[in-house]
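Reader: I have a model open and some labels I would like justified. Can we take them one by one?

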Amino acid sequence: MLGEGMLKGLAETAENFAGSFVSKERMTTVQYPEERIAPIENTRDFPFLIFDGTDPLAGLRCVACQICEKECPPKCIYITKSTDKKPDFVGKPQNYPTRFDIDISVCMSCQICVEVCPFEAIKMDTQFELSTTDRFGGLLLDRDQLSRSNEYYNEIHPTEAAEVDARLAEEKVKAEAKAKAAAEAAAAKAAAAAAAPPAVTAPPKEPIAKEPGA
Amino acid sequence: MSFVAKLDQIFVLLQHWIAGFFPLWLQPLVMIVLGVIAIVAAFPGIFALTTVLERKGLGRIQNRLGPNRVGPLGILQPVADGIKSLTKEDIVPLSADAIVHFLAPLVLVVAVFLGFAVLPIGRNMVLVNLDAGLLFFFAIGASTELSIFMAGWSSRNKYSLLGAMRAVAQMISYEVPLLLSSVVVVMITGSLSTVKIVEAQSGFTGFLPHWYVFTPWGFAGFALFVVAALAETNRSPFDLPEGESELVAGYFTEYSGFKFALFFLGEYLGMFSIAGFAITLFLGGWGAPFSFLEFVPSWAWFFLKLLGAIAFFIWLRGTMPRLRQDQLMNFAWKFMLPMALLNLVVAGAWRFLGEGPLGGWVRWIICSLVLLTAYVLLGRVLMRNQNLGPRSYRYAD
């Protein structure tokens, strides 16, 4: 009959109304500044820079390759490349950013900078209480403000950070193995060079490679 | 005069006492001015209270707390809102018709306030006892459409204009059942005066009152009146003219600051006045609901009933989804209008069956049966060919 559904609906809302006074479990919201809900793991808002170890500048993973700056759709990243180099996490000398600014009033949290970064240097943060009284300067975060430790990253995105760390460790092992092999090869070469008289420098005559099918 | 009678008439006595300080020839004018001041102070006060109660009530319905920061339990929220709306910039669109844009909220508030002039708030408490009070109220109520269209047209905004068009279409459509459903009261009472209508309902049988809502035609009339009143005041589920999800804010999209607040005020005052008339016409006005509760002052009863009506409106708003335009019009013309017309016939039958030999309980049965059958049948017709289940898509699936 006409109006039946209306009465059902009214009963439902009346139940909610009365129930909200007696049962805490019904409440869908918390009283925000006093109570907080921990953000879910995939929360993201603005990017930050990761550094390894304790010194933000020495451990910064960013090598100022400027891929993120070029890919950023709203163009809110500003990077200045250094002229000198510092060793990265595998010990290879790399550039570093002397200036790395992100204008979070422009940033749209698309995560493209994170996707394109080949060095796992930029990741998404979960900080959302970023209001400031200075809407231009206060929202332009510089390198020091953006730098966060790898421990912090592990804390906010544990699963993702574990993957990244495993990948980096693997790379490091590979790089070390390569370095070791190179070092061994160099050592062997040096040893061979030491053993053989330097006069005999004629390259060993290579047998003429037969053309396949000849 | 006994204490109870004095308490009942306290505002009337106060008015006479203050008027006593003025020369005799000035007294009628002073009395009217005092009455106007009382109305202009009391109803916006209730409006302020309603805004916070509505937000808290809707919050509770959605299992939230609602505003709870300003003052104890958030009860001072309207003060903060008032300060905010007073200090906000008043923006007038460059291409708007500035004069009409400025006048629209004023016309709305003035028209709505005029409606309170004939509303009996308590025993001997009515600003002017017009012989055609009901007619005056409906005439004034119809003029709010003008201000809404002024607002929508002068804003030069597609959303404003769409909202205003919808509002005017809706209000004109629902004015018909609104009027017809209240005509039954005039038929039975034999008067258009709101004071006489309340007096006609002031008797008791045993301890039960003679309210019109406790008769078959009265109940049907009351239900129709409430539905039409909801549509007339643009309240949910008839809030198409200002559907936030469709039209930003409808006809007052381009209003800001205090003009926006005036529209808000006008809308709520319109709701109060029409709820006040529903109370006057069908719920015994300022009369007590039981004979043993007559010691409570009449004005207290009126305001309690008004708060009850407001609570019901808030409850409905928290429950109903918005109607579609075609559903809205179908409901007005295919259900409300036939029911209201039939109710006129039933009220006439009630009036004359009471005098004949078949008086008493026979007319109860006949009138109830006719109305109930019509309700069920019309409801069936209305629901026919309506696919209310989950929607199926021909191409999108």
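**Labels and their reasons**

Author: Start with α7 of chain B: the elements that cover its buried residues include α5 (98–115), α6 (133–142), α8 (158–189) and α12 of chain B. Keep in mind that this is a predicted model.

Reader: What makes α7(B) largely enclosed by the rest of the structure?

Author: Helix α7 spans residues 144–154 of chain B, and 8 of its 11 residues are buried, so the helix is largely enclosed. The buried residues are T144(B), E145(B), S147(B), I148(B), M150(B), A151(B), G152(B) and S154(B).

Reader: What happens just after α7(B)?

Author: R156(B) takes a positive phi of about 55° there. Most residues other than glycine have a negative phi.

Reader: Which residues in the loop between β1 and α2 of chain A have a positive phi?

Author: A64(A) is one of them, with phi near 55°. It sits in the loop between β1 (47–51) and α2 (67–71) of chain A. Q66(A) lies in the loop between β1 and α2 too. Its phi is about 70°, again positive without being a glycine.

Reader: Why is A64(A) called buried?

Author: The cut-off is 20 or more other C-beta atoms within 10 Å. A64(A) has 20 C-beta neighbours inside 10 Å, so it counts as buried.

Reader: And why is Q66(A) called partly exposed?

Author: Exposed needs 12 or fewer neighbours, and buried needs 20 or more. Q66(A) has 17 other C-beta atoms within 10 Å, so it is partly exposed.

Reader: How do you know that β1(A) is mostly covered?

Author: Count its residues: 5 of its 5 are buried.

Reader: What makes β1(A) and β6(A) a pair?

Author: Pairing takes at least two bridges. Strand β6 (residues 122–124) of chain A shares 3 bridges with β1(A), in the antiparallel sense. One of the partnerships is F48(A) with K123(A).

Reader: What joins β1(A) to β8(A), and in which sense do they run?

Author: There are 3 bridges between β1(A) and strand β8 (residues 147–149) of chain A, and the two run parallel. I50(A) has R148(A) as its bridge partner in β8(A).

Reader: What is the strand order in the open sheet of 3 strands?

Author: The order is β2-β5-β7 in chain A, with antiparallel pairing. β2 and β7 of chain A stand at the edges because each has a single partner strand, so one side of each is left without a neighbour in the sheet.

Reader: How do you know that β5(A) pairs with β2(A) and with β7(A)?

Author: The requirement is at least two bridges. Strand β2 (residues 77–81) and strand β5 (residues 97–103) of chain A are joined by 5 bridges. Among them, K81(A) partners P97(A), and I77(A) partners I102(A). On the other side, 2 bridges link β5(A) to strand β7 (residues 140–141) of chain A. There, I102(A) has L141(A) as its bridge partner.

Reader: Which residues touch the most other members of the largest nonpolar core?

Author: In that core of 91 residues, they are F225(B), A228(B), A229(B), A275(B), A278(B) and M336(B). Helix α12 (residues 257–282) of chain B gives the most to this core, with 13 residues. A second, separate core has 23 residues, including A64(A), A121(A), I122(A) and L141(A).

Reader: What does A278(B) touch?

Author: Leaving out residues up to four places away in sequence, A278(B) touches F222(B), F225(B), V226(B), A229(B), L283(B) and A309(B).

Reader: Why does the radius of gyration of chain B agree with a compact globule?

Author: For 397 residues, a compact globule would come out near 21 Å; chain B has 23 Å, so the two agree. Its C-alpha atoms fill a box of roughly 65 × 65 × 40 Å along the principal axes. Of the 397 residues, 41% count as buried.

Reader: How many helices and strands are in chain B?

Author: Chain B has 15 helices and 2 strands. Of its contacts with a separation of 6 or more, 76% come from residues 24 or more positions apart.

Reader: Last one: how many residues of chain A are in contact with chain B?

Author: 12 residues of chain A are in contact with 12 residues of chain B. By class, the chain A side has 5 nonpolar, 6 polar and 1 charged residues.

Key:
Residues numbered from 1 in each chain as written. Chains lettered and ligands numbered in written order. Predicted model: local features only at pLDDT ≥ 70, side-chain atom pairs only at ≥ 80, totals over all residues. Helix = DSSP H or I, 4+ residues; strand = E, 2+ residues; numbered from the N terminus. Core = buried A, V, L, I, M, F, W, Y, C linked by C-beta atoms within 7 Å. Contact = placed C-beta atoms within 7 Å. Nonpolar A, V, L, I, M, F, W, Y, C, P; charged D, E, K, R; others polar. Rg over C-alpha atoms; globule rule 2.2 N^0.38 Å.
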